[in-house]
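Open the structure in your viewer and keep the selection box at hand. We will begin with the chain as a whole and then go from stop to stop.

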Amino acid sequence: LTGELYDSALVLDTDHLDQGWQKVQSMPGPGRTLMAAATVGTRIYLLGGYVHKGKDFCNSRDVLVYDTGSGSWGRLPRLPYATRCSDAAAVGGQLYVLGGYVEWRALADIDESFTDKILRLDPVFGTFTEVGKLPIPNCGVSPRLLPDGRLFINGGEDEKKHRSNMTAIGTVQ
């Protein structure tokens with residue numbers, strides 16, 4: 001990936017669409033892209049992503065939280081591993097991080113790869129727990145919460161430059 005990474009953030013008040021998109025306080029830390037995002041209550045969570053490190057790019061372990069009530073950013077404890085292109089979904093007040101492209105070298109002597117891990121973030125305590133696995137290692141699975149509380153996931157990237165035809169419906173705990 002090349003190009004600009006940004007730290008700016010915009011908000012659209014759907015009760016006042018005539019005001020259009022409004023700039024809010026910039027994200028803390030470096031500009032980023034390809035992060036997972038989901039909301040729980042009035043908070044927006046951004047997880048991981050791709051950031052500059054010197055002249056290079058690298059995956060991030062950051063967990064940033066934007067509180068729409070106060071209009072301010074905060075940080076939670078970091079992800080257990082640096083990742084980009086993960087997805088996130090909120091179910092029952094808990095936040096789930098699905099798959100991603102991971103830099104494992106910080107944890108083990110292996111190269112980057114896709115992961116099938118599903119992590120649960122408890123937003124109250126800021127703790128992560130591995131709670132399951134995707135059907136295959138994948139990133140960009142576009143989770144959608146179904147009315148019955150199950151998650152629908154499809155597509156994604158399961159190998160470099162290869163789009164997956166995976167479709168799955170499942171529950172998270």
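## The whole chain

Start by colouring the charged side chains: the chain carries 18 positive and 20 negative ones, and the centres of these two sets lie 4 Å apart. Keep in mind throughout that this is a predicted model.

Now switch to a cartoon view. You will find 19 strands and zero helices. The C-alpha trace spans about 45 × 45 × 30 Å along its principal axes. How does the radius of gyration fit a compact globule? For 173 residues such a globule would have a value near 16 Å, and the chain has 16 Å, so the two agree.

Next, turn on the surface. The chain exposes about 9,700 Å², of which carbon and sulfur atoms supply 51%. Of the 173 residues, 40% count as buried. If you display contacts between residues at least 6 apart in sequence, 38% of them join residues at least 24 apart.

## Aromatic pairs

Hide the surface and show the aromatic rings. The structure holds three aromatic pairs, and we will visit two of them.

Select Tyr 50 and Phe 57 to see a stacked pair, with 5.4 Å centre to centre and 10° between the planes. The angle is what earns the label, because planes under 30 degrees apart count as stacked. Are the two partners buried or exposed? Tyr 50 is buried, at a relative accessible area of 10%, whereas Phe 57 is partly exposed at 23%. The cut-off for buried is under 20%, so Tyr 50 with its 10% meets it.

Then move to Tyr 101 and Phe 114. Here the arrangement is edge-to-face, with the ring centres 4.9 Å from each other and 70° between the planes. Colour the strands to see where the rings come from: Tyr 101 belongs to strand E12 (residues 94–103) and Phe 114 to strand E13 (residues 113–122), so the pair ties together parts that are 13 residues apart in sequence. Tyr 101 is buried, with a relative accessible area of 6%. Phe 114 is buried too, with 14%.

## Ala 90 in strand E11

Your next selection is Ala 90, which sits in strand E11 (residues 87–91). With a relative accessibility of 24%, Ala 90 counts as partly exposed. Which residues does Ala 90 touch, leaving out those up to four places away in sequence? Show Ala 38, Thr 39, Val 40, Leu 95 and Leu 145 to see these contacts. For a longer view across the model, draw a distance from the C-alpha atom of Ala 90 to that of Ile 136: the two are 46 residues apart along the chain and separated by 21 Å.

## Two loops with positive phi

Finish with the backbone. Select Leu 34, in the loop between strand E3 (32–33) and strand E4 (36–40). Its phi is near 60°, a positive value in a residue other than glycine. Leu 34 is partly exposed, with a relative accessible area of 31%.

The last stop is Cys 85, in the loop between strand E10 (82–84) and E11. What is the phi of Cys 85? Phi is near 60° in Cys 85, a positive value in a residue other than glycine. The side chain is worth displaying as well: Cys 85 is partly exposed, with a relative accessible area of 22%. From here you can step along to E11 (residues 87–91), where Ala 90 is found.

Conventions. Residues numbered from 1 in each chain as written. Predicted model: local features only at pLDDT ≥ 70, side-chain atom pairs only at ≥ 80, totals over all residues. Heavy atoms only, no water. Phe/Tyr/Trp six-rings, centres within 6.5 Å; stacked < 30°, edge-to-face > 60°. Buried < 20%, exposed > 50% of the residue type's maximum accessible area, 1.4 Å probe, protein only. Helix = DSSP H or I, 4+ residues; strand = E, 2+ residues; numbered from the N terminus. Rg over C-alpha atoms; globule rule 2.2 N^0.38 Å. Contact = heavy atoms within 4.5 Å. Areas by Shrake-Rupley, 256 points an atom, 1.4 Å probe, with all protein chains shown as cover. Lys, Arg positive; Asp, Glu negative; His and termini not counted. Charge placed at Lys NZ, Arg CZ, Asp CG, Glu CD.
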